[in-house]
Amino acid sequence: MKATIWGAVALLGLAGAAQAAVLDDVRARGVLNCGVNPGLTGFAAPDANGVWQGFDVGLCRAVAAAIFGDPNAVNFTPLSGETRFTALAAGEVDMLARNSTWTFSRDTDLNLDFVAVNYYDGQGFLAPRSLGVSSAKELDGATVCIQTGTTTELNLADFFRINNITYTPVPIANDAEGRQQYLAGACDVYTTDASGLAAARATFENPEEHVILPEIISKEPLGPAVREGDQDWADLVRWVFYALVTAEELGITSANVAEMAAAPTNNPEINRLLGTEDQYGAMIGLDPQWAVNVIRAVGNYGEIFERHLGQGTPIGLARGLNALWTEGGLMYAPPFR
């Protein structure tokens, strides 16, 4: 019995050593390698100065700020729908923040850990108003621009099969090609996540000439992913994201976080998050001020959403399902306790 116990302890020690590997590698390298979309306005795209901007980019910068205190300590690696998971598995990136859908097979067969859902979405269709359709069920015989290597392909086939209508796929490699082919008339409609359609339409010269059809044909819980087998790293990325959500819940913003962190408040959860009470940072290998650094650098979840996707941007997305649970949405963080 004693030998069995010590064997188990040894295995746990080896597992603990393996689990520390990614964080150790990131620290030794001095920079986080983050996989992102090659170019999806509002989510991830370089601006005119070549600086990466977007909702998913914000999460990469948040993780870098948590580790280094510097949101710019990130290498952004553009990855297509077909290369993103192999790049993660091969260790080319430390995490994916690439509007990827959490599914059963990706979670299990690909040995990925989706650490949270940072955007609740669903697949839709973008059509020219001149096509004269008001429903996706009127698309019998249509040509459809569809990105390969995505859940979008499977959802499209299911939708047309269920509705006993036919289509001809026009394969595309990425969002940029999808927009180009759609505008060139190579396909009747373009299908992807509804947020991606809104992002694409915002880049058109005459966006009012295009309509997103009312049908949402799938559930697309989008979120960051890491390689399976390093639970400490998964926990770190997970709780950095939940810190953003919790900060919004508690009214902590990039403008007031320094003041709120200056001294303990009468709210224990604020104190735990901001490192003025207990040692929550140490539990994920970070210093007590990790969440302060994150919120000061990128803001809370709501600030990131409104800055890149919200109704004040060309994309113009309402929070919808991504509103806080207290506002009728699904966005909900486990307690910092």
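Q: Which side chains meet in a salt bridge with a 2.7 Å distance from N to O?
A: In this predicted model, the side chains that meet at 2.7 Å, N to O, are those of Asp235 and Arg238. Both residues belong to helix α9, and because they stand three residues apart there, about one helical turn separates them.

Q: Are Asp235 and Arg238 buried or exposed, and how should I read the percentages?
A: A residue counts as buried when its relative accessible area is under 20%, and as exposed when that area is over 50%, with partly exposed in between. Asp235, with 22%, is therefore partly exposed, while Arg238, with 19%, is buried.

Q: How many salt bridges does the structure hold?
A: The structure holds three salt bridges. Besides the pair within helix α9, the side chains of Arg319 and Glu248 meet in a salt bridge at 3.0 Å, N to O. Arg319 lies in the segment after α14 (301–308) and Glu248 in helix α9, so this pair ties together parts that are 71 residues apart in sequence. Arg319 is buried, its relative accessible area being 16%.

Q: Which residue forms a salt bridge with Asp94, and which parts of the chain does the pair link?
A: The partner of Asp94 is Arg29, and their closest N and O atoms are 2.8 Å apart. The pair links distant parts of the chain, 65 residues apart, with Arg29 in helix α2 (residues 21–29) and Asp94 in the loop between α4 (84–89) and β5 (95–96). As for accessibility, Arg29 counts as partly exposed at 35%, whereas Asp94 counts as buried at 3%.

Q: How do I read a nonpolar core, and which residues of the largest one touch the most other members?
A: In soluble globular proteins, nonpolar side chains tend to be buried together. Here the largest nonpolar core has 68 residues, of which Trp233, Leu274 and Trp290 touch the most other members. Helix α9 (residues 231–250) gives the most to this core, contributing eleven residues. Apart from this core lies another, of 15 residues, among them Ala136, Val144, Ile146 and Phe160.

Q: What does Leu274 touch, if residues up to four places away in sequence are not counted?
A: On that basis Leu274 touches Ile252, Val257, Met260, Ala261, Pro288, Gln289, Val292 and Ile295.

Q: Which domains does the domain assignment give for the chain, and how far apart are their C-alpha centres?
A: The assignment gives domain 1, made up of 22–118 + 223–327, and domain 2, which covers 122–219. The C-alpha centres of domain 1 and domain 2 lie 29 Å apart.

Q: What can I read from the interface of domain 1 and domain 2?
A: One can begin with the residues and the area, and then turn to the polar pairs. In contact across the interface are 17 residues of domain 1 and 16 residues of domain 2, and the two domains bury about 1200 Å² between them, with 53% of it on carbon and sulfur atoms. The count of salt bridges between domain 1 and domain 2 is zero, but two residue pairs in polar contact are found across their interface.

Q: Where is Thr148 placed, and what is it in contact with?
A: Thr148 sits in the loop between β9 (142–147) and α6 (151–162). Leaving aside neighbours within four places in sequence, Thr148 is in contact with Glu82, Glu153, Pro171 and Ile172. With Glu82, the side chain of Thr148 is joined by a polar contact of 3.1 Å.

Technical notes: Residues are numbered from 1 along each chain as its sequence is written. This is a predicted model: local features need pLDDT of at least 70, side-chain atom pairs count only at pLDDT 80 or more; totals for chains, interfaces and linings use all residues. Side-chain values use heavy atoms; hydrogens and water are left out. A nonpolar core is a set of buried Ala, Val, Leu, Ile, Met, Phe, Trp, Tyr and Cys residues joined through side-chain atoms within 4.5 Å. Buried means under 20% relative accessible area, exposed over 50%, partly exposed in between (1.4 Å probe, protein chains only). Helices (H or I, at least four residues) and strands (E, at least two) are DSSP runs, numbered from the N terminus. Contact means heavy atoms within 4.5 Å. Domain bounds come from an automatic or database domain assignment. Buried area is the accessible area (1.4 Å probe) that two parts lose on being put together, summed over both. A salt bridge is a side-chain nitrogen of Lys or Arg within 4 Å of a carboxyl oxygen of Asp or Glu. A polar contact is a pair of N or O atoms within 3.5 Å; within protein, one must be able to donate a hydrogen and the other to accept it, and residues adjacent in sequence count only if both atoms are side-chain atoms.
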